[in-house]
Amino acid sequence: MASSDIHVKELDKRASGQSFEVILSDKPSAGKSSREEFPLSPPKKKDLSLEEIQKKLEAAEERRKLHEAEVLKQLAEKREHEKEVLQKAIEENNNFSKMAEEKLTSKMEANKERSEEHT
């Protein structure tokens with residue numbers, strides 16, 4: 001576009017900044033129509049050969065397999081972590097039960113000794 005196709009009009013001037021209105025002319029440029037400047041359809045893609053299509057399909061399949069393997073790996077790691085957490089919880093529960101049983105047994109023995117001393 002030539003500079004004569006653009007008109008700038010200052011709208012507002014403040015301490016925080018300025019605002020402008022830019023007006024573009026409706027006239028087509030010399031030698032070019034507005035249709036050529038702004039095509040409505042995207043440029044045509046080149047036709048792909050059967051070999052190129054096959055390569056793209058194989059690459060897509062490889063990406064899919066890699067993604068699937070990564071997802072399976074993450075799931076396996078998550079399951080392993082869940083097993084470890086469950087095993088730790090069972091172990092802590094067993095330890096707590098043993099400690100509670102030992103404590104109860106020692107209290108019962110202490111009470112039995114006290115009762116024998118008083119009688």
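A two-residue hairpin links strand 1 to strand 2, and that's a handy way into this predicted model. From the N terminus, the chain goes β-β-α-α, which adds up to two strands and two helices. Of its 119 residues, just 2% count as buried. Below is a quick tour of the strand pair, the nonpolar patch sitting on it, the salt bridges and a cluster of negative charge.

**The strand pair**

- Strand 1 covers residues 6-14 and strand 2 covers residues 17-24; the two run antiparallel, with eight bridges between them.
- The turn from one strand into the other takes up two residues.
- Ile6 has Leu24 of strand 2 as its bridge partner.
- Val8 faces Val22, which also belongs to strand 2.

**The nonpolar patch**

- Ile6, Val8, Phe20, Val22 and Leu24 make up a nonpolar patch on the surface, about 450 Å² in area.
- Both strands chip in, each with at least two residues, but strand 2 gives the most, with three.
- The cross-strand partners turn up again here: Ile6 and Leu24 are bridged, Val8 stands opposite Val22, and these four residues belong to the patch.
- Phe20 is the patch member to look at for accessibility: it's in strand 2 and has a relative accessible area of 44%, so it counts as partly exposed.
- Why does Phe20 pass the accessibility cut-off for a patch? Patch residues need over 30% relative accessible area, and Phe20 qualifies because its value is 44%.

**Surface in general**

- The chain's accessible surface totals about 11,800 Å², and carbon and sulfur atoms account for 55% of that.
- Buried residues are a small slice of the chain, at 2% of 119.

**Salt bridges**

- How many salt bridges does the structure hold? There are three, and the partners are found in helix 2, as the next points show.
- Glu51 pairs with Lys55, with 3.6 Å between the closest N and O atoms.
- Glu51 and Lys55 are four residues apart in helix 2 (residues 50-118), so about one helical turn separates them.
- Are the two ends of this bridge buried or exposed? Glu51 is exposed at 54% relative accessibility, and Lys55 is exposed too, at 52%.
- Glu61 and Arg64 meet through their side chains in another salt bridge, at 2.6 Å from N to O.
- About one helical turn lies between Glu61 and Arg64, because they sit three residues apart in helix 2.
- Arg64 also forms a salt bridge with Glu68, where the closest N and O atoms are 3.0 Å apart.
- That pair is spaced four residues apart in helix 2, again about one turn.
- Shared partners tie Glu61, Arg64 and Glu68 together into one network.
- The network residues are partly exposed: Glu61 has a relative accessible area of 33%, Arg64 has 41% and Glu68 has 40%.

**Negative charge on the surface**

- Which residues gather in the patch of negative charge? They are Glu109, Glu113, Glu116 and Glu117.
- Glu117, one of these four, is part of helix 2.
- With 63% relative accessibility, Glu117 counts as exposed.
- Exposed starts at over 50% relative accessible area, so Glu117 at 63% clears that bar.

Key:
Residues are numbered from 1 along each chain as its sequence is written. This is a predicted model: local features need pLDDT of at least 70, side-chain atom pairs count only at pLDDT 80 or more; totals for chains, interfaces and linings use all residues. Side-chain values use heavy atoms; hydrogens and water are left out. Buried means under 20% relative accessible area, exposed over 50%, partly exposed in between (1.4 Å probe, protein chains only). Patches are made of residues with over 30% relative accessible area and no salt bridge: like charges are joined within 9 Å, nonpolar side chains (Val, Leu, Ile, Met, Phe, Trp, Tyr) within 5 Å. Accessible areas come from the Shrake-Rupley method with a 1.4 Å probe; for residues, only the protein chains shown count as cover. Lys and Arg count as positive and Asp and Glu as negative; His and the chain ends are not counted. The place of a charge is taken as NZ of Lys, CZ of Arg, CG of Asp or CD of Glu. Two strands pair if DSSP finds at least two bridges between them.
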